[in-house]
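Please walk through the model below, beginning with one helix and moving on to a sheet, the nonpolar cores and the confidence values.

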Amino acid sequence: MSSRISDRCPVSGSMGAGAMCPVVSAAGSKRGSRMGPRGCTMSGFAQSGDVHAAFGIPPHVNVEDFLRQRERKAINELLYSNVPSMAEIKEIQNAKGVKSLDQLNVDERDLLAVALGAPARQVILRAEEVGRETGWRDGYLSTEYGFQPPDTSEAPGALRNSPGRVWMDLCERMPGCIARGRVRESVAALPIVEGTAEAIPDKALWAALVALGMLCSIYRYEERHDGNEGINVAAKTLKLKGVPMSDDLGDEVKGIPRSIGLPYVQICIRMGRSIPHLTFFDQSSYNVDYIDPLSKYPYVGRFDNTRLRWAMFGDSAENAFLKGCADTSASFQHGPDAIAACQEHVMNRNNEGLLRELVRLKEILERMPSAFNTISPNDRSGENYVSPAEWVRWAKFSAPLSKRCPATSGLQFPPYLVMDAFLGRKKYDSFLGAEGVHLRAWLPSNLRAFIASIEYHYRIPEYVKASGDPRLMGVLDGVVEAYTGERGFMGAHRYKVFGLLECAGKSGRTETNGASGAADAMRPWEQTHKEFSEAMKERLEPFRGNRDIEPHEMRGTFEECRYRGRILNRNFVDSDPTRSIAMVTLDIQESGITFQPGDRLAVMPMNSWTECAKVAAALGLDSMLEDPVALDRTWTRYADHVGSVSHTNRPRLTVIDILRKGHLAPITKELATKLHTMLRASSNTVLQVLATEEWPVRASLGDLLQAAVKETSSRVWDQAFDLSGNLSWLSDLVPVEVPRTYSISAYSDELLPSTVDLTISRSEYNLCSTFAGNAKVVRNGVSSGFLNPPVAEEMDVLDDEELLIGVSRPFAFQLPFDDTSPVAFFAGGSGIAPFRSFWQSRCGRAWGKTSLYLGVQSREKFCYEAELRQYVNEGLMEVHTAFSRDSKGLVYDPVSRDLVEKEITPRYIDGLIIEQGQSICDLVMSKKQGGIGGYLYVCGSVGVFDSVMSGIRKALYNHRSPTMETAETILKTAFAERRFMLDVFMTPKPLPCNQPTIPLSQLAMHTGHTPDSHVWIGVHGKVYDVTDFCSMHPGGTNIIKSNGGVDCSKSFDLLAHTNNPEVSSLLTKYYIGEMTPKPAYHSEEIGMLYDLWKGYLRAATEQVVASNFEVGMIMESSIVWFQGDLFNMGGVRRFYHYQSRLLQGGFAALFGAALQELYLKLSFTLANSSSSAGPTKLPDVLGIIARAKGSTDAVTASNEISQIGQFTCNSESARHHEKGIITYAQRSVQYDMEFLESIREEACAGMDAFDSIMELDAASETQRIAALSAFLMQVLERMANRLEGFYAKLARYSVFQPEMERNPARARWNILKRKIWDGSFFILTRDASMNALSMSQNYRSQDGVDFDQVISQIEMNLHNTTLASPRNMGLNEQHAARAMNTPSGAPAYEQHNQSNALKAMSTFMNNNKRAIRRLSKMPQAINLEQLMQTYGSVPQAGNGLPTPPSSRSTSRSPSASSATRNPFPRRNTVNDAHPPSNMHQRRNTATSDTSLPNTPAHLSPTATMSALMTKMNSRSKTDNSHLPSPPQSATGAMSMSGMRSMQSFLAQQQKPAMPMPNTSVPAVAAHERSRSTTGSLRSFRLQASAMAGGMSRRSEVPRS
Ligand SMILES: Cc1cc2nc3c(=O)[nH]c(=O)nc-3n(C[C@H](O)[C@H](O)[C@H](O)COP(=O)(O)OP(=O)(O)OC[C@H]3O[C@@H](n4cnc5c(N)ncnc54)[C@H](O)[C@@H]3O)c2cc1C
């Protein structure tokens, strides 16, 4: 502990300054530290050594009691320590009268509380005392274990010795029962054992509760997922005959056998749960056993030290998810004790004690987010892997048993509710806030009592504020940040959930466990993200006020710098006389900052005085430096922030504040553009800068103003920079600078460190030629030049100014908890920075080997050599070096433990790694692969990172792997196991802006879902090929892949990646070009269609990715299909759910409302453009889709899936068809993927059309729109045809193929038996065929439909949409609805998209009432009010969208059915037009592989549209002989009739022959380049000579 804080040892309280910590000395300290471990206290922290001996405590006396007793003070000593002086008393007496002197005596409630002891401590002590005797029925709560059970074997042990053993036996058998499809029979077969005290002792209560609760949940789950849900129509539900049920015992156990229902209700009542329920932490925290109860560091319930007691499904996802959640809660093990201790110190007015405990609490909280790493969506992360699909299943399983039960929500985990109370959260208005309050009421009694004890008494934040102690305030701020800040637990949780939900939301998941994020507003994971954000803001409000920005918007801004510090000194760290790298020490005394190895410091830099002077001189502000400036919104926020950090009011910001703290360099495009506008385009230099092809420009605002002031007339200049007003233009022109991040380069075990070391490499760049001409002018980076200026310029900086600083912890760059793990650090140049904190904290303490591999230019630049040598000499670490420009090498000699001089050919770090290959390979390889599973850390520039990776790959190839691919796999595993960590440590590279543009269609094709294919993502107008980064992403490959092929800017913003320097600099490495922007269409209509089609392309691309995720999870693991060497119904069920959802929803994402919306708008456009020439024939896209879905093939395919559903609860017959089922599954998922890919390609072709349409030579916009719409309509029609082809293909295969089974005879016999016994197969086939016949009887494809038929189809679909808005439901209702949700329900994301499309259609129909009426020649008005009622809806499965292929339904075409159901009769309907005898004929285009291949050649939209326009008599002379002939379809009809009107229109125009644009990247790039308006600016001559010379002052400059 720092002597400034207290000279007393935090433990004994009896030590003098400078004395040794008795605990550490007793345990044998490595370096004679005077300190105990930081945060050590009287209890909780696992002290090594003999504490009794250290403090002279008599044996057998409890250490805590002894020490606490010694700390007790007399009531009077505590409460009357601040008695006013007699003079003051006299003053009060005179002012307020004698009676007022009663107030000199303390409040009685205070008196009572002090007399009784701290309420939180009392609750813990009572809980411990009573709990041990009563089986902890009030809830687990103890000093040492917090909310964790002290002994996880106690309750199950007691249950095992009671009749309740039957329940736990069944729990243990459960994964097998599920795999055999025999869960409900097994539950029904249990004997009835009552949950009364006679049968089940108190000690067994917790185990009984968890076992029975899990059994009831799995029973319900099996009942709801028995293969009759979804597409199945057989409805052969299992009937348990003669089994007594619990129907009379309450809604929760209704329909559940009495064997578990009765004891569950009885046990719950004994546990104080008036309505039987399980909490989320019952299922996780209280369902794990400690592997080694003595392995307590840093807490006992770690992932690696727990075993899931009762798994229901028995797969890795369940294991990882539940253990991971248990770990998160377990990491708060010592939190309750720290909180109680805080309260005691507040009562005792002991600021030093409070400081200690707050630091301890902060460290506990800071550790918590690491627990999230235990749940990984990365499929290579071994036992930590949780596949999103199984997470979905978990949500269904854990749904509440009735709508009265509290939800099984993560929000109920005790740490959250406790910390909310501790920090005095006032607002609970948000969705999650309200839920938290509700869930709190259902916590076990001890937990509720504990929360109440801190909420109502001795509130710590209030005490800290009143104390005025900056250390306490600083540490408390750290506690707030660690718990609910953007970089803290809540922030990390929010990002973790976003990633998982995004993956899951696209593949079947409807909402989170806590029911947030239901799909009615934005994308579900965004909605959840927002809800988390609202809850975070509520929590932050008492400390940071009511902020109007989202937490992620604070990232990378000044808001992250919540402390103040000063530069203390700058030291040389190597022999380089220029000190290009320096150790900069900051003074952080009294700030309350604490840090750990690996942490980073954010520093708000200040501009050099020279740069400030340039600006001030040019603007004429040099005599106004102290003048106040009117602030814009961001500067106002900045001023507020400074006030909040310094605990004062908002300070007044002056000219010099803006210049010192604003962004002056490099010049960004925004800055140059703003100046250009202010100067009314009068400065050539500004124009020249704007013409650059690389942003930002390497120069400063000062440089620019210095040049511009000479070129601009004083009138313009004076108007732009008006010195007579409030100078608001200054804060508008100069934005607030952003902080820079530096790895902390030191470890401190002081309670509150007084200094912090940084290793700063000065970044230098050459001033751009616009200003430097041909000279080479070296400039320093803003921050590195400020922190480590060139030695000669050091006088230019003043170090007494306060800096804003902040600390953050990279969770993906941490030392392992386990000190025995070997670690290796790979550093280049100043990349050594974080490793200094690592080696200082680890060496001597850890048993595992510590090695440093360092690459620097020369011996001269070898940083920290003396310190490292000392560590090497002491045998504490190995150091290996590579000098790239120096042959005077150094070699590590393990025998002499020294670094020995040796001549070595200069080499980079990869050479060193290859040389040390053997040992590095051992470190990289996991224990399972035969390696030692070391932890590897890389830090430095991108170049260093590349070099290290290449060295390791080569080393693996040389020593361990047969191919480079295997080497890659080994590396990927290390990343997935989070043993390979990166600190990417660089400034972003300026990016050229003249790169090729990449069309959206090309982006969409790069989803990386097939072997060796690439993953591209689009971010803020740029495209990146992130294939190589996927495996390194800390969140896992799938997180990136879920955004593959699409523009993911929004996710980037929400995840705060956009302003994360690490991310942006890494991205520059993967940049491949610019995203083709939306063309500037003259017509709004094309713009609208563009947006719509873009959305559709996105949906098609995301569908490919999502299906690939799910298919991969189903097909790539043998465990899914076999369990206990037998066929696993788990696999059958998964496949059934996936395929059933796809078929039943009829590929809703692609053929649902989104497509209808497109169809509606295209039809409208086409009808509009041809209205003068009589009725338009349009392709009957919706009809084709509906007929495809209702076709015999679709019904056959659905039947087959339905049969598979029947197996899930009946493995008896499944075992005869094992191979048939697996082969069928393989084939259908392959067809699914092929089909989805083909739809995506079609969508790409449509998208390309939007890029080409501008190139087409059209007489008018109307013609252009018509051509585009006709082409797109053709694409839609082809898609619809493909659906038909898909069903036809699928229908050819059957599950029942006896010849391929292991016992064909039994398989045949089983088929026969099933048919005779069941009969459903025949019935289904017959029914469906009849439906198929009846529904297709009126259709002839080439006829097309009229516009009014289209409208009536859409109208019917809208009309039939059933409405349900989850947001209007109460919480419990929502949870219950989730429980009822079957797998047929569309994924949340799909529902969200459908809902949006429906709304858009309604709006469109409403807005265009008149035109629609005119075009459809309707005799009366459409009742659009009815349509509007569909607003705000989430469509249910099987709603009015094109009818699903379920053979339950009649599967009629909407147009056909509309004839009978439509209240508004239409003329010219299909029914009218074609007599019933016209039978539906399957067209070759849709069903035959040859005429419509699955992966069609990419259509050339330009060519096709040109062809269309040729028909329109335009002048396009494109050779379209190579074009795929459009399917024989109604488009032809439309073209002929529709074009007639355009023909005459276009004939009036004379146009040159149309060129054939090429959509390939270079061509488009050339096109983009030619569009650049700034290209011509290159002709401006350089005016560098005019700018040379001294600094220009506003008044001195001769100006035009
Ligand atoms: C996680 C992390 C840890 C780090 N740790 C350390 C450390 O321990 N020691 C250390 O010395 N450095 C470290 N850095 C780098 C440090 O944060 C700064 O980036 C570095 O000091 C340069 O900042 P500057 O203000 O001096 O340079 P700047 O003035 O920001 O500019 C330097 C160069 O970057 C270019 N540039 C600036 N902004 C942009 C932009 N938006 N787009 C494109 N180019 C741009 C400029 O043109 C110039 O060439 C770390 C970075 C990260 C992300």
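Helix α27 covers residues 633-645, and its 13 residues, at 1.5 Å each, should span 18 Å; the end C-alpha atoms lie 18 Å apart, so the two values agree. The expected span is 1.5 Å times one less than the number of residues. Helices (H or I, at least four residues) and strands (E, at least two) are DSSP runs numbered from the N terminus. This is a predicted model, in which local features need pLDDT of at least 70 and side-chain atom pairs count only at pLDDT 80 or more, while totals for chains, interfaces and linings use all residues. Residues are numbered from 1 along each chain as its sequence is written, and side-chain values use heavy atoms, with hydrogens and water left out.

The buried residues of α27 include W635, Y638 and H641. Buried means under 20% relative accessible area, exposed over 50%, and partly exposed in between (1.4 Å probe, protein chains only). These buried residues of α27 pack against β3 (563-572), α28 (655-661), α33 (728-733) and β11 (803-808). Just after α27, H647 has a positive phi of about 55 degrees.

An open sheet is formed by five strands in the order β14-β13-β12-β17-β18, with parallel pairing. Strands pair if DSSP finds at least two bridges between them. Because β14 (878-883) and β18 are at the edges with a single partner strand each, one side of each has no neighbour in the sheet. At one edge, β13 (residues 850-856) and β14 pair over six bridges, with A882 the bridge partner of G855. At the other, β17 (residues 935-940) and β18 pair over five bridges, and G940 has V984 as its bridge partner.

What covers does β18 have as an edge strand? Five of the five residues of β18 (residues 980-984) are buried. F980, L982 and V984 point one way, M981 and D983 the other. In a regular strand the side chains alternate between the two faces of the sheet.Helix α36 (residues 833-842) lies across β12 (823-828), β13, β17 and β18, at about 155 degrees to β12. Axes are lines fitted to C-alpha atoms, for helices over the stretch in contact, and angles run from 0 to 180 degrees between N-to-C directions. Contact means heavy atoms within 4.5 Å.

The largest nonpolar core has 141 residues, and F422 is among those that touch the most other members. Such a core is a set of buried Ala, Val, Leu, Ile, Met, Phe, Trp, Tyr and Cys residues joined through side-chain atoms within 4.5 Å.

The chain averages a pLDDT of 80, pLDDT being the predictor's confidence in each residue, from 0 to 100. Over residues 509-521 the pLDDT is below 50.
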